[in-house]
Each structure stands twice: as C-alpha cells, then as structure tokens.
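Here is a walk through a structure, written for someone who would rather look at it than read tables. Keep the viewer open and follow along.

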Amino acid sequence: MKQVIMGNHALSYGAMISRVQVIAAYPITPQTKVVELLSEICADGRLDAEFIKVESEHSALAACCGASAVGARTFTATSAQGLALMHEMIHWAVGARLPIVLGNINRAMGPPWTIWTDQNDSLSERDTGCLQFYAQSNQEVLDTVVQAYKVSEQVLLPSMVVLDAFTLSHTSEVVDFPDQKLVDEYLPPFNPKYKLDPKEPHTFGGLTGPDGYFELRYKIEEAIQDAKGLIKETGKEFGEVFGREYGMVEKYRMDDADLVLVASSTIASTAHVAIDELREEGKKVGLLRVRVFRPFPSEEIRELLLGRKKIAIIDRNISFGHGGIFAQEVKSALFNCKDSPLLWGYVTGIGGRDVTVEDIKEIINDTMQSDKPEKDILWKGVRV
Amino acid sequence: MSKKKIIYKSARDIPLNAMSVDTMLFNKTGAWRNVRPVIDYEKCIKCMICWKFCPDISIYIEDDKPVIDYDYCKGCGICVEECPKKCISLVEEGK
Amino acid sequence: MKLSIPEQELVMSGHLACQGCGATLCMRYALKELGQNTILDIPACCWSVIDGPFPHTSVKVPLFHTAFETAACVASGIRAGLDILGRKETNVVAWAGDGGTFDIGIQALSGAAERNDNIIYICYDNEAYMNTGIQRSSATPYGAWTTTTPVKHFKKMPKKDMMGIMAAHRIPYAATASVAYPEDFIRKVKKAKELKGTKFLHIISPCPAGWKSLPEETIKLAKLAVSTCYFPIYEIENGEKYTVNKVIKNARPVKEFLSRQGRFRHLREEDIAKIQENVIGFYNELLKKAGIEEEVSVKTE
C-alpha cells in the first residue's frame, strides 16, 4: 500500500511494522515528528508498545537498555545535541550487546544553535561499535529500520538509521508499506538467549580486568564484521520478499566510469541527476553511494574503486584537524593497495548549506580538470 | 559450591555480554581477618542477633544455634559488639 | 527461636565489601523481603564492586550494572519491558548510593518519580562518594571531612533533603530506615512492594572506611544516628501524610554520634552546637508535619 509520508514518519512506521515493544524518546527538532506519531500510534492501539516519556536523551537510551536487557524490542530517535548526550549510553548498549535501533536525524551540532543538516553528529559516534545506515529516501528509511532489527538481533549490537534533517526528515515522498504478515515472517519476534530473568539469574556487566576485557572487545569486532555478511543477506532477502534489494553500497552507472563520485544520504540522491547530466555530455562518471558506514564496506570500496582513474568524495561533515570523514575512511580502505587512484576529498553542505545538482557537477568537473588534489580538504561552497 | 576464580583462556569461551556464570563463594574472605569471633555456647541464648547483623552472611543457623563460618568471616566484630549477652569474644588469629 | 526477619538469604558470602560494611546489610535485608522474583539495576557505587568481578556474582537475583546517572531510568525501562512482555509481578529495584541518587542520578530519579513509574528506588546512603575514595556528595553532612572537603574546608553546605524532594513529587511512598532496625526496613520494603507507582527508600548506611569509624560499631552508629535525631525514621505517603516511626522525645546529644567518627574529629564546640541546633530544628519541623504537638529536647547528662 503506497502512501505519501515524510522521512520522520517513515522512521515511526518502520518501528511500528517492526512491532517494537518499548519506545523511550525525548523530543528535539527535527525529530519531534517521529515521537509524536509514535505516541499517537501507541495511544490508538495500532502498536502494542510501552512509551516512556523520558526526561532526557541520555535517559532515553538508558531506558532502552533496561528494556532490551529484559528481552523487549526497543526503539528511540534523536538528533545532534540529543545524540551527543546519548553518547555514553551508545557505548553502554554496545558493551552490553543490546540490539536497540536508534533513528538519528543528521543535524549540525551547536553552538551556535542550528537545526539544519550535516553529518557530524552521527559520525562522532563512529568508534562506538554501533552500526550505521545512511538513507537517501523515505522508502529506504522505512525498509532499513526493519532490516536493522534483523541484523542487530543476530549480532547483538545496536544500529543507527540516519537521515538528513529537513531534506529528508520533513520531505514527503511516496512510500510503499510492506505487508505486515510478510514483515512478521521476515522479522521474527526478539528472543535473546540471555536476558534479565529471575528464573535464570545473571549479573551483567560486572567489573572486568585486563584479563577479560580485551577478549570481550575482540568479540564486538568479530560481531560487527559478521554484520557485513548479514547486512548483505538480509538486504537480498528483503529484495526477494518485498521487491527492493539493499546492500552495503549502491552502484550507479559505475561499470565503465573513469571517475567515481562517492557520496551518501541526500547528496547521493541528488548526485544521481548530476551523473545522468554529465553522462549526457559524454563524461564517463559514476556514483558509489555508501549506505552502511559501520561496519565500513572496505571490501566493496576496494573492489569497486581500485583501478579507476579518479575518485571524488563528498563529505557533508568534517573531522576538525584532519578533514572529511568518509574521505579518510575510503582512503584508509584503499591504502597499501595496487592501482589505488588519487582521491579528491570535498567538504560541502555543512550546517545545511544547500548542495545542488550544479554544485555536484562542478565538483566532478573540478576533479576532472585537475591532475591531483591540491589539499587534503577541498572546501566547496564556503565563502572565504 | 566454592569453585575457583574463573579466568577465560580464549575469546571463544567468554560470554559475550560479560554476564556472571558463577558465584563469589570461591573467594574465602576469612583470609582477611586477623581476629576471629568465638561464641561461648554456655552463655548463648540463641537470640540470633549475631546472625541478623552479619554483613558477610558468615553466621548461619544450625540446630537452632548460630554457627560462624570461618571460611568467610572477615572479623569485623559487629556480632561481638551487638551480642546482648556479650558471649562472643575476639581471639587473635594464629593463637 | 522465632526470627524477627525472613530467614532466606539472597546475598552470598565471598563478596568484596569492607569489614563492617553497612551497604551489604542493606542489600541483604532488602532482598530477604523482595525475594527471588526481583531484578536489580545498579549504577556506579560501592555495590558495583561489592558484587564481585565478572564472571562471578554475590546475589541470587538478576542484576544489570549500569552507568552512574541512570539507575532510575534503566529501572523504568526494565519495568516497561517486563510489562509489555506480561511479567508484571517481577519487582524492579533501582539500587543506588547517595552519589547516584542525590547528585548525578537526580534527574533520572525525578523523571521516573514524575511519571510515577512502577519501580522501587532504594538509596543506601553512606554520605559520600565512597567507592571512588571518599569524595563529598550532596548527601555529605555539614561538618564532615572528605577528600574534597578537607579539614580546613570541611563541608559547609547542609545535607540535601532528599525525602523533601521526593515528597514534592507526590509519589505514593517515601521512607527512611536504618540498617540497625532491619525489621522496620523490611516492613517498609514490603509496603513498597505492595504499592504501585514510584517508591523511594532512603537508608542510612555507616561506612567504617569513609566515616573513619570502627567496623564493629556500624550497627551502634546506625542506632545513634536515630537516637540523636541525626537521621529521623519516617514515612511520607503521597507527598503529604507524614508518619514518624520512632518518635523521640529526648534525643541523645548528637556529639555521641559525631565523636565516634574520625570524619568529624576536627569539629570545634561551636560547629557541634550548630549541628545540634540543625538536627533538633529539622526533627521538630518533622514532628509538626506529622501532626505531633510536642517538641524534642536534648538529653543532658
């Protein structure tokens, strides 16, 4: 059944069809619509879930940890300052191996106050061990919540489903709602092996010295690497059941491309048009959209980018003191490899500065016209 | 009941969510004390106040009498202090 | 011999508490009444260590270790999870020290109390951040030495009135207790168990290491705290009905409580007099709230 809904609501409906059982969330622009709709859905009985109206984001994720530890499927959503406040508990959810799904609306960090989009908030969580999926359409948002639960509940790590503030969160698009019966078959109820249960009591998270902690962290890395295969499997299965297949990355017109543009989220969505227009001009360009950022798709990056002539990467974020984060990650995946192409790392769109088809075409043309990147950070659009 | 302290030899065996699989009973905290309480059963009126106030659960009730479990007694002396008949005395370890 | 408290033990020996630890007695008594069908969540505090290192434990009920400020909200989450899964009979208990209750955990506690989430929150109060080495908390009393209120700058701010704060939330039940009176504490745990909504229990829990007192005097101090009116034993129902459980007409001089602890050794006569005045003042106000006409006076020898 098709409906026109905004990105935020795609998150809410994703949680609804995944039959989440406990939701704990705190409002923050531009996520408020997610929780408002979920409140409504719970109140009118469309979703049988407990909704805890917590008093902060930190408490939101902590409450989710408690609920998940008992064996309930849990959901929360936030943005920017809220995600930053949740940071400690993201570490906690990972260490406690709790498969919570967290919707994050990419909003730039204050001060100064801002509500427009960039990716610094979610990327600041990259080292925690939480999986990260970057969506480019409302359909993908809804579909990814379901897949995220399926993957998370197998690897026992939390997942973050990320969408751009306003450009996606408040933009309405046509979304095809998967049939609930099929979703129930695809995503069975959450049934963890170990949980808080007085009939089989355990203590979780007790003091661990150097003689055990190292192995526990090793197991987290093992699990997140396992997630790669599972993401591909569940994405393929999703395609078979619902007609839309997903992977770690998305390839667009890459087969004979000399220059590949690497991008994510709505910039990638816009880039499809830019690629088409440049192809009309006879330029051999293609787009590689990074959908899953953690675990990082190093294998796909190597397979699809080695041997190309040039790579241009667009980052709507910056790690101060080094540069765009996707650029760093792609470079590190390609390091030490034969036929590694030169990489141009562009930083643009920070704080919600609009990135148009023309901007993207300029980025590609600039890359085509230069022999090598002049600097580590190529600023695009900032008025200096 | 009191097994040894568990140390995992490999990541394969360690429970991934850092959960407990055994008790602390392997830890014989009796080794901490340097004085031990000794009950004089002649004077003991079996009020069980010593049992009630032991933080280490190292006084148990057997045959209606309080019995000190010296494997775990830390020698804090609360039982000595609280006994209404003052029939528990502290004896130095090693004597 | 008929025992005055339940016989079952849900705390086992071998735990890592100091000799004479009040906090362990608190847990022992609470679990005796709460029983097996209980889930504990414990933020950073002495009990994070007392329970023992991974993969061992000292309690027979499930325990979730959590971050410092999250005792109450994790409990809310556990409650929501249990309720949706149809396991409403299980007790959910947030078990925190004074730091995790009065200071860093107060926001989450206030949130849970305002929502009236169906949890029992038990704060064992040893009046400082003991687990990290005796730093002051807002539960540290006026006059006490701690590492962050050294003798030359001993704590000048009074102890935060946590019960007053909980009463302002109008929760169904808030009560204080002392480890020296386990029968009274256990009665209150039972009462809390049988009520729905947020229940708050505040126990004075002497700490020989942090109070610089003798390990064998833990119970004696917990008794003196009550008989000097330093730590009154009372209940507040729905934020308005006050019941003083042990009405003291002639309080022992607070000096008897203070002098047995090294953390008060530096106090001069005027400091002790100030403490005495504040203790009696607070107690008299409490009596008034409970509708008791008489005022308390201090025993003079």
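What follows goes through a predicted model, starting with chain A and ending with chain C.

## Chain A: two domains

Let's start with the overall layout. The domain assignment splits chain A into domain 1 (2-242) and domain 2 (250-379). Taken over C-alpha atoms, the centres of domain 1 and domain 2 of chain A are 27 Å apart. Where they touch, domain 1 of chain A puts in 25 residues and domain 2 of chain A puts in 19 residues.

Which elements give two or more residues to the side of domain 1 of chain A that touches domain 2 of chain A? They are α5 (120-123), β6 and α8 of chain A. Of these, α8(A) gives the most to that side, with five residues.

## The seven-stranded sheet

Chain A has an open sheet of seven strands, in the order β3-β2-β4-β5-β7-β6-β13, and the pairing is mixed. At the edges you'll find β3 (50-52) and β13 (292-294) of chain A, each of which pairs on one side only. From one strand to the next, the twist averages 20°.

Helix α2 (residues 32-43) of chain A packs on this sheet, where α2 touches β2 (22-24), β3, β4 (74-79) and β5 (101-106) of chain A. The direction of α2 makes about 140° with that of β3(A). Helix α4 (residues 80-95) of chain A lies across β4 and β5 of chain A, and runs at about 125° to β4(A).

Now go to the β13 edge. Two bridges pair strand β6 (residues 131-134) of chain A with β13(A) in the antiparallel sense. If you want a residue to click on, Q132(A) stands opposite R294(A) in β13(A).

## The nonpolar core

The largest nonpolar core counts 241 residues, and V22(A), C65(A) and I313(A) touch the most other members. Domain 1 (2-242) and domain 2 (250-379) of chain A both give residues to this core, so the core lies between them.

C65(A) is worth a closer look. Setting aside neighbours within four places in sequence, C65(A) is in contact with M89(A), W92(A), A93(A), A96(A) and L98(A) in its own chain. C65(A) is also in contact with T66(C), V74(C) and G77(C) from chain C.

## A helix pair, and the side facing chain B

Further along chain A, the axes of helix α10 (residues 298-305) and helix α11 (residues 325-334) come within 9 Å and cross at roughly 75°. That makes α10(A) roughly perpendicular to α11(A). On the α10(A) side the contact is made by S298(A), I301(A), R302(A) and L305(A), and on the α11(A) side by V330(A), A333(A) and L334(A).

Chain A also touches chain B: 16 residues of chain A are in contact with nine residues of chain B. On the chain A side, the elements giving two or more residues are β9 (203-204) and α8 (213-242). Here too α8(A) gives the most, with four residues.

## A sheet shared by chains A and C

Next up is an open sheet of nine strands with mixed pairing, in the order β9(A)-β3(C)-β1(C)-β4(C)-β5(C)-β7(C)-β6(C)-β8(C)-β9(C). β9 of chain A and β9 (241-244) of chain C stand at the edges with a single partner strand each, so one side of each is left without a neighbour in the sheet. At the chain C edge, four bridges join strand β8 (residues 234-237) of chain C to β9(C), and the two run antiparallel. There, I236(C) stands opposite Y242(C) in β9(C).

Inside this sheet, is strand β5 (residues 120-125) of chain C buried or exposed? Six of its six residues are buried, so β5(C) is largely enclosed by the rest of the structure. I120(C), I122(C) and Y124(C) point one way, while Y121(C), C123(C) and D125(C) point the other way.

β5(C) pairs in the parallel sense with strand β4 (residues 91-97) of chain C over five bridges, and Y121(C) is the bridge partner of A94(C). Six bridges join β5(C) to strand β7 (residues 199-204) of chain C, also running parallel. In that pairing, I122(C) has L201(C) as its bridge partner.

## An exposed residue in chain C

To finish, find E183(C) in helix α7 (residues 182-194) of chain C. E183(C) has 12 C-beta neighbours inside 10 Å, so E183(C) counts as exposed. Leaving out residues up to four places away in sequence, E183(C) touches S4(C) and I5(C). The C-alpha atoms of E183(C) and Y29(C) are separated by 8.7 Å, though the two are 154 residues apart along the chain.

Technical notes: Residues are numbered from 1 along each chain as its sequence is written. Chains are lettered from A and ligands numbered from 1 in the order in which they are written. This is a predicted model: local features need pLDDT of at least 70, side-chain atom pairs count only at pLDDT 80 or more; totals for chains, interfaces and linings use all residues. Two strands pair if DSSP finds at least two bridges between them. Axes are lines fitted to C-alpha atoms, for helices over the stretch in contact, and angles run from 0 to 180 degrees between N-to-C directions. Two residues are in contact if their C-beta atoms, placed from the backbone, lie within 7 Å. A nonpolar core is a set of buried Ala, Val, Leu, Ile, Met, Phe, Trp, Tyr and Cys residues joined through C-beta atoms within 7 Å. A residue is buried if 20 or more other C-beta atoms lie within 10 Å of its own, exposed if 12 or fewer, and partly exposed in between; C-beta atoms are placed from the backbone. Domain bounds come from an automatic or database domain assignment. Angles under 35 degrees count as roughly parallel, over 145 as roughly antiparallel, 65 to 115 as roughly perpendicular and the rest as oblique.
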